[in-house]
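Hi,

Here's the structure I said I'd pass along. Have a look at it first, and my notes on what turned up follow underneath.

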Amino acid sequence: MTTRRAFIRLCSSSGTVLAVSAWAQGTAPGAAQLPLLSEQDPQAQALGYVADAARVDKVRFPKYSAGQHCTGCQLYQALPPSSSAPCALFPGKKVAAPGWCSAYVRRQA
Ligand code: SF4
């Protein structure tokens with residue numbers, strides 16, 4: 001059985017903490033080279049993704065409320081300021097900071 005202390009020691013010695021931190025900041029190697037998610041992507045369309053939350057279809061997505069955007073979402077994998085970052089829902093792509101989709105989950109403070 002792995003103790004908490006052993007787990008933390010393992011993570012520290014392997015550099016995992018640094019890698020996860022870099023990933024969370026959107027600075028992981030390769031993150032900058034990821035293409036932006038297209039609104040025409042089938043998964044993006046299914047989730048109502050738009051690169052600018054001002055263009056959300058409020059009839060189709062009544063749960064949207066003003067002020068929601070990717071940078072305020074738990075699935076956005078960088079902290080502001082960033083113009084785009086990977087999103088856990090769209091592997092291999094970056095989403096626009098002012099974007100939005102119906103999977104939005106408010107980031108906890
Ligand atoms: S899940 Fe969150 S970060 Fe990803 S596209 Fe939707 S609103 Fe943006």
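The largest nonpolar core has 19 residues, and C70, Y76, V95 and W100 are the members that touch the most others in it. That fits a general pattern: in soluble globular proteins, nonpolar side chains tend to be buried together. Keep in mind that this is a predicted model.

Y76 is a handy place to start looking around. If you skip its neighbours within four places in sequence, Y76 is in contact with C70, T71, A85 and C87. Y76 also turns up beside the ligand: 13 residues surround the ligand, and the closest are C70, C73, Y76, C87 and C101. The shell they belong to is made up of 12 nonpolar residues and 1 polar one, with no charged residues.

Stepping back to the overall layout, the protein has 3 helices and 2 strands. Reading from the N terminus, the order is α-α-α-β-β. Of the 109 residues, 24% count as buried. As for contacts between residues at least 6 apart in sequence, 61% of them join residues at least 24 apart.

Two single residues are worth a click. L47 sits in the loop between α3 (42-46) and β1 (84-86). Is L47 buried, exposed or partly exposed? It counts as partly exposed, because 17 other C-beta atoms lie within 10 Å, and being buried would take 20 or more. Leaving out its neighbours within four places in sequence, L47 is in contact with C101, S102 and A103. The C-alpha atoms of L47 and W100 are separated by 9.2 Å, though the two are 53 residues apart along the chain.

The other one is Q108, in the segment after β2 (94-96). Q108 is exposed, because only 5 other C-beta atoms are found within 10 Å and the limit for exposed is 12 or fewer. Its C-alpha atom and that of Q74 are separated by 7.3 Å, with their positions 34 residues apart along the chain.

Now for how far to trust all this. The mean pLDDT of the protein is 81, and 73% of its residues reach 70 or more. Among the elements, β2 has the highest mean pLDDT (98), and helix α1 (residues 4-14) has the lowest (38). Over residues 1-26 the pLDDT is below 50, and that stretch has 17 contacts in the model beyond near neighbours in sequence. Where pLDDT is low, the predicted coordinates should not be read in detail.

Cheers

Conventions
Residues numbered from 1 in each chain as written. Predicted model: local features only at pLDDT ≥ 70, side-chain atom pairs only at ≥ 80, totals over all residues. Near = placed C-beta within 6 Å. Nonpolar A, V, L, I, M, F, W, Y, C, P; charged D, E, K, R; others polar. Core = buried A, V, L, I, M, F, W, Y, C linked by C-beta atoms within 7 Å. Contact = placed C-beta atoms within 7 Å. Helix = DSSP H or I, 4+ residues; strand = E, 2+ residues; numbered from the N terminus. pLDDT = per-residue confidence, 0-100.
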